[in-house]
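Hi everyone, thanks for making time. Let me put the structure up so we can walk through it together.

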Amino acid sequence: MLISKKMNAAINEQIGHEFTASLQYIAISSFFTIESLPALAGRFAQQAREEHDHALRFVKFVLDAGGRVEIPALPAPKASFKNVEEAIQLSLNWENTVTRQINSLVALAIKESDYLTQNFLSWFTIEQLEEVSSMETLLKLVQRAGEGGLLYVENYLAGQLKQTEAEAASAGKA
Ligand SMILES: [Fe+2]
Ligand SMILES: [Fe+2]
């Protein structure tokens with residue numbers, strides 16, 4: 001096995017956190033659908049898929065390293081929210097928590113002189129920078145728009161999605 005038992009156990013915990021995030025974002029996406037906010041719902045459905053992918057990245061790493069995958073029991077996601085801002089604030093808090101969790105894994109890898117895991121985790125540290133910064137932007141947008149201005153946020157997200165799709169299409173042609 002290329003990683004320690006302790007590292008294996010810590011990564012198994014993280015697999016649980018990533019799946020928990022995925023479920024939480026599905027719950028938030030559902031809340032936005034009920035509130036007739038399709039662009040926000042789409043954004044969080046996409047976010048849920050990304051968290052699912054993060055969990056699977058860790059699973060693959062543990063298996064490649066010859067470890068054992070043991071997924072812990074997951075807490076139920078929060079299902080109801082006072083308003084849009086509360087749901088996005090919860091997501092931002094969550095992303096900050098995950099950033100600390102990834103940093104603890106890096107600290108453990110450094111302590112164990114485990115360069116393989118350190119290297120593997122570097123993708124996640126950069127990913128967290130992106131996730132925290134985009135969630136902060138979204139929270140500020142929602143706060144500025146207020147409950148009455150959520151259509152502005154919807155238009156902004158729909159525009160962003162069109163741009164990403166156009167970029168993906170032109171990258172496909174190149
Ligand atoms: Fe994640
Ligand atoms: Fe995330």
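I'll start with the metal site and then turn to the aromatic rings.

A quick word on the ground rules: this is a predicted model, where local features need pLDDT of at least 70 and side-chain atom pairs count only at pLDDT 80 or more, while totals for chains, interfaces and linings use all residues. Residues are numbered from 1 along each chain as its sequence is written, chains are lettered from A and ligands numbered from 1 in the order written, and side-chain values use heavy atoms, leaving out hydrogens and water.

So, what coordinates the iron ion (ligand 2)? Glu-51, Glu-95 and Glu-131 do, through OE atoms at 1.8 to 2.5 Å, with Glu-95 listed twice. Donors here are N, O and S atoms within 2.8 Å of the metal (3.2 Å for Na, K and Ca), and water is not among the atoms, so sites may look incomplete. Glu-51 also coordinates the iron ion (ligand 1), 3.4 Å from ligand 2. Because Glu-51 sits in helix 2 (residues 38-64) and Glu-95 in helix 3 (residues 84-111), the pair ties together parts 44 residues apart in sequence. Helices are DSSP runs of H or I, at least four residues, numbered from the N terminus. Both Glu-51 and Glu-95 are buried, meaning under 20% relative accessible area with a 1.4 Å probe, protein chains only.

Now the rings. There are nine aromatic pairs, counted when centres of Phe, Tyr or Trp (its six-membered ring) lie within 6.5 Å; planes under 30 degrees apart are stacked, over 60 edge-to-face, the rest tilted. Tyr-25 and Phe-44 are edge-to-face, at 5.6 Å and 70°, and both are buried. Phe-61 and Phe-120 are stacked, at 4.0 Å and 10°.

Notes
Helix = DSSP H or I, 4+ residues; strand = E, 2+ residues; numbered from the N terminus. Buried < 20%, exposed > 50% of the residue type's maximum accessible area, 1.4 Å probe, protein only.
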